[in-house]
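Thanks, everyone. I'll keep this short. Please have a look at the model on the screen.

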Amino acid sequence: MGVEAPAYRRSGRPPPWRDVRMLRLLFQIVVVGGVVVIGLWLFGNLATNLDRQGIRTDFDYLDRSAGFAIAGSDFKSSDPVWRALVVGVKNTAIVSGAGILLASILGVVIGVSRLSPNWLIARAASLYVEAVRNIPVLVIIIFMYIAVILKLPSIGNASELFGILVISNSGLVVASVEAAGGGAPLFAASLAVAAVVAVVVLIRRTRRFDRTGQPHHRVLWGAGTFLIIAVVAFVATGTPVAMSLPQRQEFGVTGGIRMSPEFAALLAGLFIYTASHIAEIVRGSILAVSRGQSEAARALGLTEFQRYRFVVLPQALRIMIPPLANQYLNLTKNSSLAVFIAYPEITRITRIAIGQGNPAPQGILILMGIYLFFSLTISAITNLVNRRLTYVTS
Amino acid sequence: MATDTSTLEPLPIPEPDRPAYRAKPKDWVRENLFSGPVNSIVTIVGALVIAFLAYRALRFLFVTARWEAVHVNLTNYMVGGFPRDELWRLWAAVYLLTLLGGMRWGVSVHRTRPTDGRAEASWRAPLRRFWPFIVFALVVVGLSASPVTAAALLGVGMTAFIGRVAGIRVPPRGVRWVTILFILGCVAAFEVMVAFGGVPYPDWRGLMLTLFLSLGGILLSFPLGVLLALGRRSTFPAIRALSVAYIELIRGVPLITLLFMAFLVLGFFLPPGTQTPSLVARALIAFVLFTAAYVAEVVRGGLQAVPNEQVEAAQALGLSPVKITALIVLPQALRAVIPAMVGQFISLFKDTSLAASIGLAELLRVAEQINGQPRFTGHGLQAETLGFAAFVFWVGAYWMSKTSQRLEKRLGVGER
């Protein structure tokens with residue numbers, strides 16, 4: 001009287017409705033399916049609504065003429081929309097790059113100052129951090145624009161600093177280097193060669209140090225090589241570059257590089273704000289290096305400078321990089337606040353383009369894609385740096 | 001015969017009852033300001049620069065600045081165009097919240113360590129903890145120059161104090177009830193504002209809107225953020241992929257693109273013929289979607305900090321996966337991330353200023369608009385009007401950052 005066991009029992013596996021693997025699969029299918037259904041529903045609504053309002057869903061508008069001009073560039077209103085976006089991306093990159101550079105310098109100075117044994121300097125630095133960190137960056141940018149830069153004296157009685165900087169409410173003009181004579185391209189090329197040779201010398205000196213243990217002086221050697229080649233090339237090509245100093249005229253300034261008031265305000269707001277965050281990261285990273293390291297360095301008889309240069313800072317740098325990269329990312333994203341003060345970076349240009357009757361969904365989609373590209377680029381670079389710098393513990 | 005000293009117990013060295021070392025002023029100055037030639041030069045140059053900046057700042061604050069634009073618009077800063085006949089609702093809500101908040105604070109005195117408890121119970125504690133708000137109240141009273149405002153604000157302080165005294169008397173068993181009462185009080189305060197001919201939230205303006213957006217944003221984004229964090233740590237690959245995609249996508253774009261999305265495109269995603277939500281609601285949706293991704297990352301940090309032995313122990317006890325998460329992992333994870341959550345709240349509070357980009361008259365935009373009033377156009381009072389808005393933001397954010405540092409100490413995060 002043998003009762004036949006069910007098939008699943010003979011195979012040694014639970015029935016499908018009690019099989020954990022099946023249930024897990026089912027659960028995931030249900031959740032993903034739900035998300036897809038909601039997405040399709042939203043997208044269907046979008047398509048219907050756009051169709052009813054006669055808005056096109058393709059990207060053809062990118063080729064149409066923009067109908068607006070961009071200040072401070074050679075973009076004309078008859079140029080296609082995609083060229084406007086390119087100008088915007090370029091401006092975003094410029095303001096973010098300059099902001100990252102300035103914020104890093106100011107942030108490191110203030111972060112180190114907070115740790116200074118000098119009471120006055122340490123207190124002043126913490127006052128800066130506590131005051132700036134707790135104000136929205138947008139408020140700082142708008143304040144810099146309408147309460148500082150637009151209130152500067154007009155170009156007629158602009159203030160000058162040592163002849164290299166002219167400050168007025170129509171922007172800042174800074175002295176710059178510009179090409180003079182035909183030798184400039186050749187000179188630029190030889191500078192590039194000089195840089196490559198200098199790096200090679202630097203690496204060779206390091207290798208030599210690793211092999212023989214003799215002092216390397218690699219920075220000295222590298223810089224020396226670069227300078228010698230540069231000077232020789234400068235003379236050989238017949239003084240190819242010259243300083244361009246800003247010259248104040250009756251109606252404006254000639255020479256130098258001009259920064260629009262919008263650019264100056266955005267840059268100032270971004271770097272003043274981000275510097276307060278970077279200062280905290282720098283301070284925290286230096287404090288995070290264990291005391292034993294400093295004590296050991298002192299016991300070995302290293303000077304204060306050597307202790308920082310060879311023991312504390314290399315370790316602090318490793319701790320610093322991930323949060324620092326986050327701040328650089330934030331600064332790049334915050335450059336989108338230029339919308340409020342009309343600096344023509346990508347968000348502002350997208351907003352204008354939408355205001356001109358171009359379709360909003362596609363415009364914002366492209367905008368998000370561009371920022372994702374910036375974010376991914378910055379995190380890729382940091383991951384690369386991080387990998388080179390992390391401790392190999394084995 | 002030499003005694004073998006290695007087995008001897010070391011004699012207990014009596015700790016001398018030394019008073020805390022306090023340098024004489026002269027020594028202190030030498031040590032901290034003039035410890036060497038370089039340091040002395042730095043101090044002197046620094047002091048000159050700081051004195052100059054302080055002189056300019058004080059001269060602006062007390063001499064050259066013309067505060068009448070702020071004085072006239074003080075109510076606009078706080079509530080914008082809120083009907084002045086209905087302002088009593090706002091005061092009622094504020095009084096209710098400070099009373100209950102004070103009670104909740106008084107109750108928490110029980111739970112601090114005995115040594116801290118004494119300091120907590122002293123009358124100096126409110127000063128130490130709430131001085132940014134006291135400065136804020138003094139500035140507001142100074143700017144309004146009205147005894148009514150002064151009395152009303154003093155009343156707020158008194159109410160908080162009464163609540164605190166009452167809270168200290170609540171027996172430890174009643175702590176939970178006070179918390180529930182506080183939450184009910186928040187709902188009641190909201191109802192007082194909007195119900196029975198009140199002002200619906202889409203019409204709120206000024207600081208009130210800023211606070212509404214930040215509070216609403218953090219409360220609504222919290223559950224979503226916790227779900228996303230659990231999703232990111234889940235063992236289901238599909239759910240992990242969805243959560244990671246959402247979090248990284250949102251964290252890769254600026255908040256303003258989401259606000260534009262809510263402003264320009266959100267209406268298109270709704271079924272044809274539906275009424276598009278109000279501007280405030282749309283801004284709130286953008287803030288919630290944005291903050292949830294960041295909350296998720298914060299919570300994920302907390303989840304990673306829970307030792308795996310906790311999960312294993314719970315499994316050994318036979319708890320189901322859902323119960324393990326809800327009863328064992330999440331309570332520990334969330335407790336560890338309270339300070340970081342406050343940090344996230346500070347970010348959101350500051351970011352609400354971006355709502356101005358879609359035309360909402362929150363604090364910053366009110367400040368800008370004042371310069372467009374006929375009475376103040378062309379007078380160049382931007383520094384004053386924006387400066388006051390910056391001050392209000394600063395008070396809130398600074399107080400919260402100090403609170404978060406205190407919580408970090410009290411919860412002992414990072415000390416284990």
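I'll go through the domains, then the chain contact, then the nonpolar cores.

One thing up front: this is a predicted model.

Start with chain B. It is divided into domain 1, residues 83-198, and domain 2, residues 205-416. Their C-alpha centres lie 24 Å apart. How many residues of domain 1 of chain B are in contact with domain 2 of chain B? Four, and they meet four residues of domain 2. On the domain 1 side, the four are nonpolar, with no polar and no charged residues.

Next, the contact between the chains. Chain B puts in 44 residues and chain A puts in 45. On the chain B side, five helices each give two or more residues: H2 (37-64), H10 (237-252), H11 (255-269), H15 (338-351) and H17 (382-411). Which of them gives the largest share? H17(B), with ten residues. By type, the chain B side has 30 nonpolar residues, twelve polar and two charged.

Now the cores. The largest nonpolar core has 137 residues. Seven of its members touch the most others. From chain A, these are Val139(A), Ile141(A), Ile142(A) and Leu266(A). From chain B, they are Leu259(B), Ala283(B) and Ala389(B). Helix H8 of chain A, residues 261-288, supplies the largest share of this core, 16 residues.

A second core lies apart from that one. It has five residues, among them Leu99(B), Leu100(B), Val107(B) and Val178(B).

Last stop, Ala389(B). Leaving out residues up to four places away in sequence, Ala389(B) touches Leu363(B), Leu364(B) and Ala367(B), plus Val139(A) from chain A.

Key
Residues numbered from 1 in each chain as written. Chains lettered and ligands numbered in written order. Predicted model: local features only at pLDDT ≥ 70, side-chain atom pairs only at ≥ 80, totals over all residues. Domains from an automatic or database assignment. Contact = placed C-beta atoms within 7 Å. Nonpolar A, V, L, I, M, F, W, Y, C, P; charged D, E, K, R; others polar. Helix = DSSP H or I, 4+ residues; strand = E, 2+ residues; numbered from the N terminus. Core = buried A, V, L, I, M, F, W, Y, C linked by C-beta atoms within 7 Å. Buried ≥ 20, exposed ≤ 12 C-beta atoms within 10 Å, placed from the backbone.
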